Amino acid sequence: MANVSVIQRHAHLAGAVKLEFVNGREGKIAKAVLTAISNTRRGSGEQREEESTAIQWTLWGKQAENAAGYLGKGSHVNIVGRLRNNNYEKDGETVYGMAFTAEEIDYLDSRAESEARRNGGPGAEGGTSSTERPSAPAASRKPRSARQPAHADA
């Protein structure tokens, strides 16, 4: 089965990361689901419209645990992953679906912004976007990214 690479840049989370532990090939494994929304603007002048794209991503293993511990509603991220068909038969009919699995995720918020967002403090909602903030040196952003090999779907 072929996989298609998907990149979602400058997205923000629509809600909290949902973490659960499921049975995998070698025992329990962490699985997280998050919904990331990207906004793009099309057209010019009075015809300029904003279009939002929401993708529900699945993360596995340590990457899932890190995302659940660090990200919250409104967190800014870049995600690289894969798309695959998730078709199945139900009552003799084919149901078509798609599954998005994250392979890399970059956390774009500073530690202070992330903690404030998770704790509901100042900057929790409606804080500055990643394009409005001055860029911090990579060393001051932790974790900069959670690049880990993706696990096979459990």
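A residue counts as buried when its relative accessible area is under 20%. By that yardstick, 34% of the 154 residues in the protein chain are buried in this predicted model. Strand β8, which spans residues 98-107, is mostly covered, with seven of its 10 residues buried.

So much for β8 on its own; now for its partners. Strand β5 (residues 76-85) runs antiparallel to β8, and nine bridges hook the two together. Along this pairing, Asn85 sits opposite Met98 of β8. Strand β4 (residues 49-60) also pairs with β8, but here the sense is parallel and there are two bridges. In this case Trp57 faces Phe100 of β8.

These strands turn up again in the largest nonpolar core, a set of 22 residues. β4, β5 and β8 are among the elements that give it two or more residues, along with β1 (4-13), β3 (27-42) and the helix α1 (61-70). The residues with the most contacts inside the core are Leu34, Trp57, Leu59, Leu71, Val77, Ile79 and Ile105. Take Leu71 as an example: setting aside neighbours within four places in sequence, Leu71 touches Leu13, Val17, Leu34, Val77, Ile105, Tyr107 and Arg118.

Zooming out, the protein chain has two helices and eight strands, and from the N terminus they follow the order β-β-β-β-α-β-β-β-β-α. Among contacts with a separation of 6 or more, 67% link residues 24 or more positions apart. As for the outside, the protein chain exposes about 9600 Å², with carbon and sulfur atoms supplying 47% of that area.

Terms used
Residues are numbered from 1 along each chain as its sequence is written. This is a predicted model: local features need pLDDT of at least 70, side-chain atom pairs count only at pLDDT 80 or more; totals for chains, interfaces and linings use all residues. Side-chain values use heavy atoms; hydrogens and water are left out. Buried means under 20% relative accessible area, exposed over 50%, partly exposed in between (1.4 Å probe, protein chains only). Helices (H or I, at least four residues) and strands (E, at least two) are DSSP runs, numbered from the N terminus. Two strands pair if DSSP finds at least two bridges between them. A nonpolar core is a set of buried Ala, Val, Leu, Ile, Met, Phe, Trp, Tyr and Cys residues joined through side-chain atoms within 4.5 Å. Contact means heavy atoms within 4.5 Å. Accessible areas come from the Shrake-Rupley method with a 1.4 Å probe; for residues, only the protein chains shown count as cover.
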